[in-house]
Amino acid sequence: MELRHLRYFVAVAAEGSLTQAAERLHLTQPSLSRQIRQLESDIGAALFERNAAGTSLTPAGVALHRHALLLLRLADAAPDMARSATSHTREVVHIGVPPGLPERWLLDVLAALETEVPHASITLIEAGSSEQLRMIREGHLDIGMVREQPAGKLRGTVLFEVPFGVAARPGHPLASGTTCRMQDLDNLRVLAHGRQQVPVVDDRLVMAAHAAGAVPLWQFTQFSEHALACAEAVKADAVLLVEHSAHRLLPDWPWLPLTEPELPLVTWLAWPAETRAVVRDIARVIPQRN
């Protein structure tokens, strides 16, 4: 069986007629018929049912047709793939991203990397900060975006910081305000990310509340896409989130920036001190997108 036989077969299947397929292929009908018979002989099964209206695929023809299309696509793409391989080799780079990262910003980063680091083939891996840092240290991740300052043998640079706020339950008195002070959360049930997702926030929250003389009923847990369900499960009056995540996950809950004190969420870029040149190139480009 040769590729040309598959091309002839696909043409006949598309046209539904040997005559029309022969015209499209610039062959005579007897010549095309011989080629199809040769393919059927190689396959060991009839591929077409011939009738007065033209031709239709047999069950064996239907099965072959799916594979033939795939094989022909691969064959047609082979020259471009070969030329691409000779022009440059792309190195795979695994980049960690945390939950709640603004998607538009991340897409802009990917577009910049495609232009400025064309020798990199990017794979994104979603994971919390603690898991990302562990993966970097173990060599399973090349570079990460984390919510705590990298330490030890890791290098890091600040990407951006955004203020925390609270998404207030609709109808709660808190929802009628424009800002929220820490003391306004006194004796309220507040859902917040646990240490596994945002390692330093729970300590900062407790200390800030203590300094403000407030005692919120903190509900620390791990959540991402199901913030509403988690809030309902613990009967939270408010959920501590950045604005982007609040609008996406709790669109009906008014979001209020947290004041007195302000509590920023800092996102860092982290990578090993000893790493490949392509990773250093990426670490140079990503912070420029802010």
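Is the crossing of α1 and α3 left-handed or right-handed? Here are some notes to help you find your way around this predicted model, beginning with that pair of helices.

1. **α1 against α3.** The crossing of these two helices is left-handed. Helix α1 covers residues 3-15 and helix α3 covers residues 29-43; their axes come within 10 Å and cross at roughly 110°. Because angles of 65 to 115 degrees count as roughly perpendicular, α1 is described as roughly perpendicular to α3. On the α1 side, the contact is made by Arg4, His5, Tyr8, Phe9 and Val12. Their partners in α3 are Leu32, Gln35, Ile36, Gln38, Leu39 and Asp42. By class, this contact has six nonpolar, three polar and two charged residues.

2. **α2 against α3.** Helix α3 also meets α2, and here the axes come within 9 Å and cross at roughly 105°. These two helices are therefore roughly perpendicular to each other. If you would like to trace the contact, look for Leu18, Thr19, Ala21, Ala22 and Leu25 in α2, and for Gln29, Leu32, Ser33 and Ile36 in α3. Six of the contact residues are nonpolar and three are polar, with no charged ones. Leu32 and Ile36 are worth a second look: they take part in the contact with α1 and in the contact with α2.

3. **The loop between α2 and α3.** His26 sits in the loop that links α2 (18-25) to α3. Phi of His26 is near 60°, a positive value in a residue other than glycine.

4. **α5 against α10.** Further along the chain, α5 and helix α10 (residues 277-285) have axes that come within 10 Å and cross at roughly 130°. That angle makes α5 oblique to α10, and the crossing is right-handed. Ala112, Leu113 and Glu116 of α5 meet Ile282, Arg284 and Val285 of α10. Four of the residues in this contact are nonpolar and two are charged, with no polar ones.

5. **The largest pocket.** How much space lies in the largest pocket? The volume is about 280 Å³. Of its 16 lining residues, Gly100, Leu101, Glu103, Leu106 and Glu126 are the closest to the centre. Three elements give two or more residues to the lining: α5 (103-116), β4 (120-126) and α9 (243-249). Helix α5 gives the largest share, four residues. The lining divides into nine nonpolar, three polar and four charged residues.

6. **The second largest pocket.** This pocket has a volume of about 150 Å³. Among the residues lining it are Gly100, Pro102, Trp105, Arg147 and Phe160, and the list also includes Val162, Val242, Glu243, His244, Leu265 and Thr267. At least two lining residues come from each of β6 (154-168), α9 and β12 (264-272). By class, six are nonpolar, three polar and two charged. Gly100 is a handy landmark, since this residue lines the second largest pocket and is one of those closest to the centre of the largest pocket. Helix α9 likewise contributes to the lining of the largest pocket and to that of the second largest.

7. **A cis peptide bond.** Which residues does the cis peptide bond join? They are Glu260 and Pro261, with omega at about 0°. You will find Pro261 in the loop between β11 (255-259) and β12. Strand β12 is also one of the elements lining the second largest pocket.

Technical notes. Residues are numbered from 1 along each chain as its sequence is written. This is a predicted model: local features need pLDDT of at least 70, side-chain atom pairs count only at pLDDT 80 or more; totals for chains, interfaces and linings use all residues. Side-chain values use heavy atoms; hydrogens and water are left out. On a 1 Å grid over the protein atoms alone, a cavity is a set of points where a 1.4 Å probe fits but cannot get out, and a pocket is an open set with protein on both sides within 12 Å along at least five of seven lines; lining residues have an atom within 4 Å of a point. Grid points are joined across faces, edges and corners, and a volume is the space filled by probe spheres set on the points. Ala, Val, Leu, Ile, Met, Phe, Trp, Tyr, Cys and Pro count as nonpolar, Asp, Glu, Lys and Arg as charged, and the others, Gly among them, as polar. Axes are lines fitted to C-alpha atoms, for helices over the stretch in contact, and angles run from 0 to 180 degrees between N-to-C directions. Angles under 35 degrees count as roughly parallel, over 145 as roughly antiparallel, 65 to 115 as roughly perpendicular and the rest as oblique. A crossing is left-handed if the near helix is turned anticlockwise from the far one by less than a right angle, and right-handed if clockwise. Contact means heavy atoms within 4.5 Å.
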